[in-house]
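Good morning, everyone. Please have a look at the sequence and the structure on the screen, and then we will walk through a few places in turn.

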Amino acid sequence: MENSNQDWLNKVSHIAQVGGIETSILDNGRGKGTRIAWFNTGAGLRFKVVIDRGLDIADASFNQFNLSWLSRLGVTSPQPFSDKGIDWLRTFGGGLLTTCGVTHVGGPEEDEYGKRGLHDQFSNSPAELIAVKQPDPSTGDLEMSITAKIFQGHPLGDNIEVKRTIRCTLGQPTIYLDDEVQNVGNINSSHMILYHFNFGWPFIDSGAKLLWKGSWTSRETGEDNKIFKEGQDFRTCQEPRADHSGSGEEAALIDVEATSDGKAECGIYNEKLGFALKLSFNKNQLPWLTNWQHWGKGEYVTGLEPGTNPPLGQKLMRERGELIQLKPGEKRKYNLEISILNTSTSINEFVNKYINL
């Protein structure tokens, strides 16, 4: 969309004809009463932000092709007390992004500092909406955004606030996500965060390529490690696997490569569909990347997940001396970018860093 060409402005009555944000409330099923916001970038990329689930992202598509994996649950209303054991899974709808944290990322655990359930509370926390900004092409302002605050904690304990902004530019198939995490309490707070991006069919299909570089280890060991072995092609998406039915899954924990200024990236290329997705982030903010693979029948998904730590829990990170402690008033910022590449030039420039076309 060329801003310098004013001719099309005279043919448009309402911004929704070309893009923008529409807020709504779900009125049926598990998500009844849940606030959402639909983004239309005007460039083929559309996605649904779930305001009542930490401003995470559920459905997402590019042109006619779905990008995200949606579990059978779909969007559910928030359940803030689903933080015991594996209760988190009872509300895990998948979606393009489910944020894990912000004090613990990993499985259920217990130590002298307390009990922690799978992946903590963030994704079950409703957001306090601050602003919805629409683009205004008549003035040359093409940016749209939504901003909210998400609080996690309780009196006499941790108190952490996340200010999240999701923004796009009209005419560009790119999502920018900016988080500012602050300890608003009066004691030090442990901090872990992981951005659980989930991709599904048809974007994820047998033959699609997973694009990442870095030294890695398999989370699974022994007979449980079937995929992430040296010499195996674990960067090509597989057909559904019988051994991934139910709880079958595997993950690689990646010390992702980055440029001297900290820029890191990973992505996926589906040659049959003719486009790639690039996920960019700053390794100085998010040093680790996890590649989750769960090729179950009817539950077919892979994840690319930047994080402050591998998703191995607060206890192990504390033992390793790698657990972040936020002092009262201290802030941390995280900036991520998701871009669709659909020209031969942009695809070749990105994908050839990982495979030769």
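**A strand residue, the cores and the rings**

Let me begin with T217, which is found in strand β15, spanning residues 214-218, where a strand is a DSSP run of E with at least two residues, numbered from the N terminus. Before going on, I should say that this is a predicted model, in which local features need pLDDT of at least 70 and side-chain atom pairs count only at pLDDT 80 or more, while totals for chains, interfaces and linings use all residues. Residues are numbered from 1 along each chain as its sequence is written, and side-chain values use heavy atoms, with hydrogens and water left out.

Is T217 buried, exposed or partly exposed? T217 counts as partly exposed because its relative accessibility is 47%, and the partly exposed class lies between buried, under 20%, and exposed, over 50% relative accessible area, with a 1.4 Å probe and protein chains only. Leaving out residues up to four places away in sequence, T217 touches A251, A252 and L253, contact being heavy atoms within 4.5 Å. The C-alpha atoms of T217 and L253 are separated by 5.4 Å, although these residues are 36 apart along the chain.

Turning to the interior, the largest nonpolar core, a set of buried Ala, Val, Leu, Ile, Met, Phe, Trp, Tyr and Cys residues joined through side-chain atoms within 4.5 Å, has 68 residues, and F47, I166 and W212 have the most contacts inside it. A second, separate core of twelve residues includes W69, M192, L194 and W292.

Conventions:
Helix = DSSP H or I, 4+ residues; strand = E, 2+ residues; numbered from the N terminus.
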